[in-house]
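Me: Please take a close look at one part of this structure, starting from a single facing residue pair and then working outward to the rest of the chain. I would like the terms defined with their cut-offs as they arise.

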Amino acid sequence: MASPGWAVALMLFQLFHSGTSSPVFTKIPSHPPEIALPFPNVSLVPSPITPGESTQSVLCPLKISPSTVVVRFGDPVKANCSIQRMGYFGIGWEVPLNPPNFTSQGFVVWSVEKMTDWTIKPVCFALSEQGGPCYSNLTLIVYKPPDRVSITFLNHSESLFEGTLQCHITEVAPAENVLVTFYRGETVLAQMHLNTSSEKKPVTQSFTLNIVFSKEDTEAQYWCEAKLELGPEGPQHLPVMASQRLFAPQLSCPVELKVTEGERFPCEVTGNPEPSVTWFKNGQIVVPPSHLNKKDAGNYTIQAKGLFPKNFTVEVKILPATGTANSCCGHFLLLVLLTQMITHV
């Protein structure tokens, strides 16, 4: 325990260095608070406490309000520290970002316009006339939503209907507060935390989930989302960031297709990831026509390889264009007129 005369020594030290008739308290830069005095045997160190007792409740009657602060990186933050009983002649904050002056008043406010420190640990401390200083920590959580959330399918086996979903979270903090959820359609497949990380700065992290799916599951969409769980002190409506949705190849036209001659071929195959598509007609690989004519009628087989393999069959029927039908009718009427004129000659 510190010598009872350390407080007097501190005041004399401040007096001689201030050049005034009364002591002036300045910032005290350490944790636990400790000041280099001209008396080697005098130091500011916390007093010992009995096991089971807290520094705050027994020896340190400091109150920090709010006791927990959750702030987005770059946003302002403010906290007040006050002393709850007599016997303490000064109070201050030990914090590297915009520390307020040590004061003899009963409270001191720490305020920052822009939080730019990921690992900051603010400490409020008070100096007493007997028993040494005490201190109390402010719980401060600095967070940042992810820049991007994406999903991929790894080690995908088309024949065995099993694989690994990977959810990739880019630049999020703190990692230990991230909850990742995997979905099949709107059904939750799994939820997981990154419990092993204590990193406070933004990290990029991947979460994986091994799954086995049935044939019916190939029609579903797969996706993931990332959510920061910041407790009751944090924002209650923080947006949840979701990935894109993975889905098997889909055909954009009916399997029985009637198209007017000359029109654009409306069949496309979509999917995520983008599928590899091969068209067949009469067993031969063909390039799907951009505009249809009579020779394009027939049955087409489409092989698509994407999230899951899919085969489609489309029967294409070509209808005559309106202009073509009128032309045929005109030629027929002209032929009839010519025939009648020759007959009457």
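Reply: Lysine 78 faces serine 111, a residue of strand S5. The model is a predicted one, in which local features need pLDDT of at least 70 and side-chain atom pairs count only at pLDDT 80 or more, while totals for chains, interfaces and linings use all residues. Residues are numbered from 1 along each chain as its sequence is written, and side-chain values use heavy atoms, with hydrogens and water left out.

The facing pair belongs to the antiparallel pairing of strand S3 (residues 77-83) with S5, which extends over six bridges. Strands here are DSSP runs of E with at least two residues, helices are runs of H or I with at least four, and both are numbered from the N terminus; two strands count as paired if DSSP finds at least two bridges between them. The pairing is part of an open, antiparallel sheet of three strands in the order S1-S3-S5. Strand S1 (62-65) and strand S5 (107-112) each have a single partner strand and stand at the edges, so one side of each has no neighbour in the sheet. From one strand to the next, the twist averages 15°, where axes are lines fitted to C-alpha atoms (for helices, over the stretch in contact) and angles run from 0 to 180 degrees between N-to-C directions.

Next to S1 in sequence is a backbone feature: the peptide bond from serine 65 to proline 66 is cis, with omega near -10°. Proline 66 sits in the loop between S1 and strand S2 (68-72).

Another open sheet of three strands, also antiparallel, has the order S4-S6-S7. Its edges are strand S4 (88-94) and strand S7 (134-137), each with a single partner strand, so one side of each is left without a neighbour in the sheet. On average, neighbouring strands in this sheet are turned by 15° against each other, direction ignored. S4 runs antiparallel to strand S6 (residues 123-128) and is joined to S6 by six bridges; within that pairing, tyrosine 88 stands opposite serine 128. The loop between S4 and S5 contains asparagine 98. This residue has a phi near 50°, a positive value in a residue other than glycine. Asparagine 98 is partly exposed, at 49% relative accessibility; buried means under 20% relative accessible area, exposed over 50%, and partly exposed in between (1.4 Å probe, protein chains only).

Further along the chain, residues 249-284 carry the annotation "domain: Ig-like" in an unreviewed UniProt entry; such positions are given in the numbering used here, feature names are shortened, and annotations may be inferred rather than shown by experiment. This stretch is 0% helix and 53% strand, and its end C-alpha atoms lie 21 Å apart. A cis peptide bond, with omega near 5°, links asparagine 272 to proline 273, and proline 273 lies in the loop between strand S18 (269-272) and strand S19 (276-281). Asparagine 282, in the loop between S19 and strand S20 (284-286), has a positive phi near 55° although it is not glycine. Asparagine 282 is exposed, with a relative accessible area of 69%.

S19 in turn pairs antiparallel with strand S21 (residues 298-305) over six bridges, and valine 277 faces alanine 304 there. S21 is also joined by eight bridges to strand S22 (residues 309-319), again antiparallel, with glycine 298 opposite valine 316. A hairpin of three residues connects S21 to S22.

Turning to the interior, the largest nonpolar core has 31 residues, of which Phe153, Leu165, Ile169, Phe182 and Tyr222 touch the most other members. Such a core is a set of buried Ala, Val, Leu, Ile, Met, Phe, Trp, Tyr and Cys residues joined through side-chain atoms within 4.5 Å. At least two core residues come from each of S9 (148-157), S10 (162-172), S11 (178-184), S13 (203-212) and S14 (222-228). A second, separate core of 27 residues includes Cys60, Met115, Cys134 and Leu138.

For the chain overall, the secondary structure comprises three helices and 22 strands, and 41% of the 345 residues are buried. Of the contacts (heavy atoms within 4.5 Å) between residues at least 6 apart in sequence, 62% join residues at least 24 apart.
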